[in-house]
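Colleague: Could you take me through this model before I set anything up?

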Amino acid sequence: MRPMSDDMTVLASLEDVSAGYDHHTVLTDVDFRVHTCDFTGIVGPSGAGKTTLLRLLLGTLAPMSGTATHAKGARVAYVPQLETVDWNFPITVEECVLMSRPQSRWWPRTTSAERTAVRDVLERLGIAGVSHRHIRDLSGGQQQRMFLARALLRDPELLLLDEPTSGVDVSTRHDMLHLLGDLNADGLAIILTTHDLNGMAAHLPHLVCVNHRIVGEGSPEQVLTPPVLEATFGARMEVLEHLGMRVVIDEARTMRAVGDE
Amino acid sequence: MEELIAPLGYAFFTKGLLVATLSGALLGLIGVYIVLRGMSYIGHGLSHSIFGGFAAVQLFAAQFYILGAGLWGVASALAINAVSRRSRVGADAAIGVITTASFALGVALFSKFGTSGPAFDNALFGSILGISVEQIIGLVAVSILTLTFVLMRYRALLFTTFDPHVAEVSGVNVRRLEAALMVVLSLAILATLTVIGVTLVAAMLVIPAVVARMLTDSFSRMLVISTIVGAASGVVGMYLSYFAGVPSGTMIVLVGAAVFLVVLAITGGRGLRKTAGMDHHSELVAAPAR
């Protein structure tokens, strides 16, 4: 269990929750709390219920049983998986980032204050100068940052990201991890899903392992262990310690890779 | 030049020109949302469904037909909206059955009890004859309503169209907005029904928006271009319809199609590629990814 202090308020909590779609249960017996200042990775194989857990925390999916509570008035922002986006949609980066700001007047003109806000957030994320490009004309890392910018423009207290590093290269993943770390240090609670154990999960302060239920929760040292990983992924994995970091070796995958050579 | 001014001497033509221009602009504007949401099929179905109500109400309570057909249209729009929300699989089939059945009912009622041929043909293919002042007032009112809706809810509509799931999380009432869009769409179809025609309304929802998409990558510019292309097709189509003596709807659609071909020739495959994905039928609720 993590140390608890008085300044950590609960932003969202799930108690004894089961959830799924069309009478098909994906998650059962979930007890989970999100506090201010959390930086948590949800880890598990595809179809294990990672996105379902995110949707429960977002409040867009109601539990089949149990209770989901969300802190009143807490601003939540969400960054979707890049694969779910319609990249042919006619929209520029500025138009995309701005849509998360509610329209203040009846005439939909962008005010100079709004334009400055967009420029500031794009600058902070290191993608100033792309604001008039079409969203398809950005690199994967820039696209990810654009959606992060859209989320940040809401000035959220809780940020949820679905597979923020899938399909991006190693250096982009590294930058993204740093960026999220900085945002968390500024007081933003962050929950993300990932299937990347070594590149992402091992670097986060807190992990939740999911396989239709919560298999384990704690620091990487506590949950990146062979028994928890086998219960999560259904395959034996070896764990090494390298420069104080956990490195997970997927035996099945390594065997396959060797066999392919 | 004189040939263009001469028809304006006829009151029926000036009325027709006004209605055609406004109809083209209205369908062009709202068509952007319909096309980008992949709802072209819903627009097509809705126009057929409205025809059923139009026929039924005209026979049984002719004096209230605008009101009656309006109610029928809004009811079908909300029903279609509910069907497409509830089940992803089978929504197309359900919409197909409901709307074609309504259309068939309209045809049956017209054939059995209806006044003779012209009224029927006019409703199907559009006519500039016999446009009443009430119809013009109705069209102007619906146009003002649509424009106000699009302007006042601009960002929320854009967010819902681009990314409904994230919009919902970000405080947009997606469900209510989608229902409102369907109501506005049904009113727009109803108001333009007599001049464009039931069978051709869907084309005028799609063509200007696709042309606009081929010409720009910006959403706000797409709205403006689509509206202009729709209005221009209305004006030119109405003149051609007058000179050629064919139903107005057919000429308006043919002009739109000609504009599409010209833009296609100018932009080449580059423009057409931008429209990729528009033929996907909309999933009004984001699919439950896991």
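Modeller: Here is a short tour of the sheet, its helices and the core.

Modeller: This is a predicted model, where local features need pLDDT of at least 70, side-chain atom pairs count only at pLDDT 80 or more, and totals for chains, interfaces and linings use all residues. Residues are numbered from 1 along each chain as its sequence is written, chains are lettered from A and ligands numbered from 1 in the order written, and side-chain values use heavy atoms, without hydrogens or water.

Colleague: In what order do the strands of the open sheet run?

Modeller: The 6 strands of chain A follow the order β5-β6-β7-β3-β8-β9 with mixed pairing, where strands are DSSP E runs of at least two residues and helices H or I runs of at least four, numbered from the N terminus, and pairing needs at least two DSSP bridges. The edges are β5 (76-79) and β9 (214-218) of chain A, each paired on one side only.

Colleague: Are β3 and β8 of chain A parallel or antiparallel?

Modeller: β3 (residues 39-43) and β8 (residues 206-210) of chain A pair in the parallel sense over 4 bridges, and A:V43 has A:C209 as its bridge partner in β8(A).

Colleague: Switching topic, which residues does A:L159 touch?

Modeller: Leaving aside residues up to four places away in sequence, its contacts (heavy atoms within 4.5 Å) include A:A77, A:V79, A:L148 and A:L180.

Colleague: And how many residues are in the largest nonpolar core?

Modeller: That core has 159 residues, and A:M146, A:L148, A:L159 and A:L180 have the most contacts inside it; the term covers buried (under 20% relative accessible area, 1.4 Å probe, protein chains only) Ala, Val, Leu, Ile, Met, Phe, Trp, Tyr and Cys residues joined through side-chain atoms within 4.5 Å.

Note on methods: Buried < 20%, exposed > 50% of the residue type's maximum accessible area, 1.4 Å probe, protein only.
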